[in-house]
Amino acid sequence: MKTAIYRIILLLGVFTTQVSAQDHSIFPLGEKAKNINHTGDVWLSELNKPDETINSQISLAVFAPNAKLNWHTHSGGQILLITDGVGYYQEKGKPVQVVHKGDVVKCLPDVEHWHGSTPQTGVTYVAVSPKSKTTWLHPVTEAEYLNIKAPAESSTNVEKEIIDLSKQKWTWMADKNTDELGELFHEKSVFVHMGGSWGKQREIDVIKSGGIWYKKADIHDVSVNVIGNTAVLLNRITLLAVVGGKEVTNPFMVTEVYKKEDKNWKLASMSFTKLLAP
């Protein structure tokens, strides 16, 4: 089962690379900052300087894993737009928050806080603030940082989430619920059938018209391999379908690739391989 997963990952590499390319910042990386008010590797790029007309400073910050700012305050406050990765944010006297791509963090004026990446993952954000004073304080100690008991998404929980979502998808297909499927399918999703391959809109049209009616899927085996924000699921099923008005039953190995975007899993690819025996 694991060998098959890795082969499929290689075959789908081009597709997932195209989708993943959207995650990369459109802004320049910037200069590597000197380790004065932070530890670890951080790159900064000033996107906009405040002036008399627009009093907003906008910067891009890219943190390698295991990088963190010192405790500090902003006299005018600051907003962090997390654009990639996973990181930490903490205000004095409060527990650590885990921040993900798509999160918006408001740092209120004069509130002591720090933020950075996790020991295992980098984080990128766009910082927006009025022209104001930043007061740098003491560093976050290594003991504090490494002993953070932040809530984490276990691989077991993610696997269960993907398995449940896949089962729900079969129900939506059987019910021809194209509204829910339209939300689930990624805009660049690819569907590979024995008779050809096509994209999201044609798959939706085929299901809606009844050209292929996924009447019932009996799932025999299922496995999930999670790689960052991508999950590959293998289903060994017996599918009862109506194709061109004719009812047929076939054993398939169905490969589903899911990609997490803005906290939601999207189906990026689905392919059917007919098996010789159930």
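Exposed, in this tour, means over 50% relative accessible area, buried means under 20%, and partly exposed is what falls in between. Keep that in mind as you click around, and remember that you are looking at a predicted model.

**The whole chain**

Start with everything selected. The chain's secondary structure comes to 6 helices and 18 strands. Of its 278 residues, 40% count as buried. Roughly 15,200 Å² of the chain is exposed, and carbon and sulfur atoms supply 54% of that area. Now show the contacts with a separation of 6 or more: residues 24 or more positions apart account for 62% of them.

**Histidine 72 and its surroundings**

Next, select histidine 72, in strand β6 (residues 72-74). Is this residue buried or exposed? Histidine 72 has 1% relative accessibility, so it counts as buried. Show its side chain and look for two partners. One is the backbone oxygen of asparagine 70, which the side chain of histidine 72 reaches at 2.8 Å. The other is the side chain of histidine 74, joined to that of histidine 72 by a polar contact of 3.3 Å.

Then expand the selection to what histidine 72 touches, leaving out residues up to four places away in sequence: you get Val111, Glu112, His113, Trp114, His115, Thr134, Thr135, Trp136 and Leu137.

**Strand β10**

From there, move to strand β10 (residues 113-117). Why call this strand largely enclosed by the rest of the structure? Because 5 of its 5 residues are buried. Add strand β7 (residues 78-91), which pairs with β10 in the antiparallel sense over 5 bridges. To find your place in that pairing, pick tyrosine 88, which stands opposite glycine 116 in β10.

**A nonpolar patch**

Switch to a surface view and select Ile79, Leu81 and Val104. These residues form a nonpolar patch on the surface, with about 230 Å² of accessible area together. Valine 104 belongs to strand β9 (residues 104-107). With 54% relative accessibility, valine 104 is over the 50% mark and so counts as exposed.

**Salt bridges**

How many salt bridges does a search of the whole structure find? The search turns up 9, and three of them make good stops.

- Select glutamate 256 and lysine 169, whose side chains meet at 2.5 Å, N to O. Glutamate 256 sits in strand β17 (residues 246-261) and lysine 169 in helix α4 (residues 155-174), so this pair ties together parts that are 87 residues apart in sequence. Both glutamate 256 and lysine 169 are buried.
- Now go to lysine 200 and glutamate 187, a salt bridge of 2.6 Å, N to O. Lysine 200 is in helix α6 (residues 200-209) and glutamate 187 in strand β13 (residues 185-193), so here the pair ties together parts 13 residues apart in sequence. Color by accessibility and look at each end of the pair: lysine 200, at 12%, counts as buried, whereas glutamate 187, with a relative accessible area of 62%, is exposed.
- Finish with aspartate 41 and lysine 32, whose side chains form a salt bridge of 3.2 Å, N to O. Aspartate 41 has a relative accessible area of 31%, so it is partly exposed. Lysine 32 is partly exposed as well, at 47% relative accessibility.

Terms used:
Residues numbered from 1 in each chain as written. Predicted model: local features only at pLDDT ≥ 70, side-chain atom pairs only at ≥ 80, totals over all residues. Heavy atoms only, no water. Salt bridge = Lys/Arg side-chain N within 4 Å of Asp/Glu carboxyl O. Buried < 20%, exposed > 50% of the residue type's maximum accessible area, 1.4 Å probe, protein only. Helix = DSSP H or I, 4+ residues; strand = E, 2+ residues; numbered from the N terminus. Patch = residues over 30% accessible without salt bridge, like charges linked within 9 Å, V, L, I, M, F, W, Y side chains within 5 Å. Areas by Shrake-Rupley, 256 points an atom, 1.4 Å probe, with all protein chains shown as cover. Contact = heavy atoms within 4.5 Å. Polar contact = N/O pair within 3.5 Å; in protein donor to acceptor, adjacent residues only side chain to side chain. Pairing = 2+ DSSP bridges.
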